Amino acid sequence: MEAAAILFSDTVRGEVQGDILVVIIDNPPVNALSADVRSGLVAALDRARGDAGILGLVITGAGRTFIGGADIREFGQPPVEPILPAVIERIEDLEKPTVAALNGAALGGGLEVALGCHYRVASSAAQMGLPEVKLGIVPGAGGTQRLPRLIGIPAAIDLIGSGRSVKAKEAHELGLIDEIADAGTVEAALAAVRRLAGQDPRRTGQLAVPATDSAAVEKAKTRILAKARGQHAPAQAIRLVEAAARPLAEGMADERATFLKLRESSEAAAFRHVFFAERQASKVEDLEGVPPRLVETIGIAGLGLMGSGIAVAALGAGYRVIGLDRDDEAAARGRERILGLLQKNLYTGRIDQTAFDAQENRLSVTAADADLAPCDLVIEAVFDDLDVKIDLFRRLDKVIRPDAILATNTSYLNPDEIAAATARPERVIGLHFFSPAHVMRLLEVVRCARTAPDVLATGLAVAKKLRKLAIVTGVTEGFIGNSIFSAYRREAEFLLEDGALPHEIDAALEDYGFPMGLFAVYDMAGLEIAWARRKRQAVTRDPSERYVEIADRLCEAGRLGQKAGRGWYAYPEGKRQVDPVVTEIIAQCRTSKTVTPRSFTATEIVDRLLAAMAAEGRKLLEDGIAARESDIDLVMINGYGFPAHKGGPMFAAAHTPR
Ligand code: 3H9
């Protein structure tokens, strides 16, 4: 039968298919629930209610998304009628069957719309979640009250408290959706409306919250709260979910008030900054319209920890990988390491056996440079030594095609010097992965002095396929991340000398939201590499520059970190403890420099560290190393544990009330 189109608003249209009204939300790019969408939905509901010829309703999205959630751009402004909870209440109250056809992502308010429907059908690729806590808020349109009624309190705490999304299969197992429809979600939804016609609608808001044992609730809570250090939204979300077994209206009022309050919080502003920063990062000014080169096969030179991690990321993204190491034995060991990581992915359910087999088949290793000839891109991940890298690049330059790309994973060396050793420096780029490379999301993409635009564009395209967050950086020692980190570290050492103790600095950082304090991290990583670097730099160090010797004294005393049993802390039976010996070493260093120690509050400590990071950040911007403040924020959040809910050092330094 011919479907007649009805326009309910600029972004919501309807098609009557037989006796069912299919409501299509068409608000690109992600069908966010703008005021126009909300009023369009109300108009569609009015139509369905008033038209006796309409048996029921299907709600779906145009394009790849069902609904990407509330329009985050509206968050800074006063709410506009009709507000979403009221729209969803009208959906739920409708006397005719209303079915959500989840053709793609149903997130935040989008999932809340689906929860208000009487039945949910999803395509197997659809992704569903309530990611509000990742924006510093709680769901504001019934998510915390309806979801536990469908899937129980522990599962709802898990989903809402973490903000993670699930695919259709898991959603079905949880009871979040009623049906998976591979061949046409709308068709399956139409069939569901017909089946449900004449029955009492199953209104989610009227279901009883399933009984739960308190141990499961506690377990879910503990897991979420352990990760939510310093944030408010997850605890509030849990509180609302736990209290869901009360009349819906009461829970909804509590949820709405909490949502509105959190929406105005500095935590939410910081998360919104991060959200838009991530979308901004991929926009590189002079690359608009520059097509990337085709990459299908990636060579990885050096199959140590870093190289293996990169290989696993590349295999997971569908690339063919050729690993190179110095001899057959090393290559075979590299292969074992990579397969070990893939096996781990298999055991933990990240990939299934079919994916494992496919990835194993796409991997080969060799000790012969010439075997890298088919590669479109070669990433080196060998020992961070200039001579070693230059030698490797010279060799690779001769065996790979002229249009293939060479990337260095160096952290501290100057990639321009590496590029200069090749015949085609324009094809050289830096790809600075963070360890473990198959887990960490950050990738600094280094634009070297001579990198060609399409080579840079290729670096970004590969990063996207690897599902990494790519941040473009210019060449400077340590690029963006390690430059800021050095400034942070230096300031922390100044603080030590000025009077703060390691555990005081660490406690201030952990309270602020870092997963671990700086000195505890040092101990975990080991102090010897930085010590060796300081010794190398000693010859060229400007004597007028302030230099803190405390770390050197510790290393000289054999305090090389946790593995040595002592470092900035002592570790009797593996447990971290403040060590009076360290306090004494610090006191001696202060005395030798005639510093009179003063005490610092946690706020003073954090403020000084933030100011140092922000000052270094401004320098990177002035020097053209970083393109924008928000890129610096993303690097520190995704590579160095800076708490996302503070928005990154640049955002935080600018927004800290003084
Ligand atoms: C919420 O729903 C609160 C409710 O509980 C309560 C209400 C009362 N709003 O990511 P992409 C833009 S909170 C505005 O590259 P993809 C994005 O900025 C909301 N804009 O696409 C970008 O713009 P541009 C909970 C949005 O295909 C463009 O869309 N929802 C929104 O890779 C493409 O984005 C979320 O947190 C939005 N909600 O992925 C979901 N979403 O091109 C957030 C996206 O100008 N969104 N944009 O740079 C996502 O996770 C992904 O965008 C999605 C698509 C998976 C939907």
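Here a biologist and a modeller talk through a predicted model with a bound ligand.

Biologist: Let's start with the ligand. How many residues surround the ligand, and which are the closest?

Modeller: The shell counts residues with a heavy atom within 4 Å of the ligand. That gives 26 residues around the ligand. The closest are Ala70, Gly109, Glu112, Glu132 and Arg279.

Biologist: What is the make-up of that shell, in nonpolar, polar and charged residues?

Modeller: Gly goes with the polar group in this split. Sorted that way, the shell around the ligand has 13 nonpolar, 5 polar and 8 charged residues.

Biologist: Which helix gives the most to the shell around the ligand?

Modeller: Three helices each supply at least two shell residues: H3 (109-116), H10 (248-263) and H11 (266-281). The one that gives the most, with 3 residues, is H11.

Biologist: How far is the ligand nitrogen atom from a backbone N or O atom of Ile72?

Modeller: Let me run through some oxygen contacts before that one. A side-chain N or O atom of Arg73 sits 3.3 Å from a ligand oxygen, and a backbone N or O atom of Gly140 is 3.1 Å from a ligand oxygen. For the ligand nitrogen and the backbone of Ile72, the distance is 2.9 Å.

Biologist: And how much of the ligand's accessible area does the protein cover?

Modeller: On its own, the ligand has 1000 Å² of accessible area. The protein's share of cover is 76%.

Biologist: Moving to the packing, which residues touch the most other members of the largest nonpolar core?

Modeller: Nonpolar side chains tend to be buried together in soluble globular proteins. Here the largest core holds 70 residues, and a second, separate core has 60, including Leu469, Phe485, Tyr571 and Ile585. In the largest one, the residues touching the most other members are Leu21, Phe66, Leu102, Met128, Leu147 and Leu176.

Biologist: Now some backbone oddities. What is omega for the peptide bond from Glu81 to Pro82?

Modeller: Most peptide bonds are trans. Pro28 and Pro29 are joined by a cis bond with omega about 5°, and Pro29 is in the loop between S3 (20-25) and H1 (35-50). Pro82 is in the loop between S5 (65-67) and H2 (84-93). The Glu81 to Pro82 bond is cis too, with omega near -10°.

Biologist: Why does Glu573 count as exposed?

Modeller: Glu573 is in the loop between H22 (550-556) and H23 (580-592), and its phi is positive, near 50°. Exposed means over 50% relative accessible area. Glu573 counts as exposed because its relative accessibility is 84%.

Terms used: Residues are numbered from 1 along each chain as its sequence is written. This is a predicted model: local features need pLDDT of at least 70, side-chain atom pairs count only at pLDDT 80 or more; totals for chains, interfaces and linings use all residues. Side-chain values use heavy atoms; hydrogens and water are left out. A polar contact is a pair of N or O atoms within 3.5 Å; within protein, one must be able to donate a hydrogen and the other to accept it, and residues adjacent in sequence count only if both atoms are side-chain atoms. Accessible areas come from the Shrake-Rupley method with a 1.4 Å probe; for residues, only the protein chains shown count as cover. Helices (H or I, at least four residues) and strands (E, at least two) are DSSP runs, numbered from the N terminus. A nonpolar core is a set of buried Ala, Val, Leu, Ile, Met, Phe, Trp, Tyr and Cys residues joined through side-chain atoms within 4.5 Å. Buried means under 20% relative accessible area, exposed over 50%, partly exposed in between (1.4 Å probe, protein chains only).
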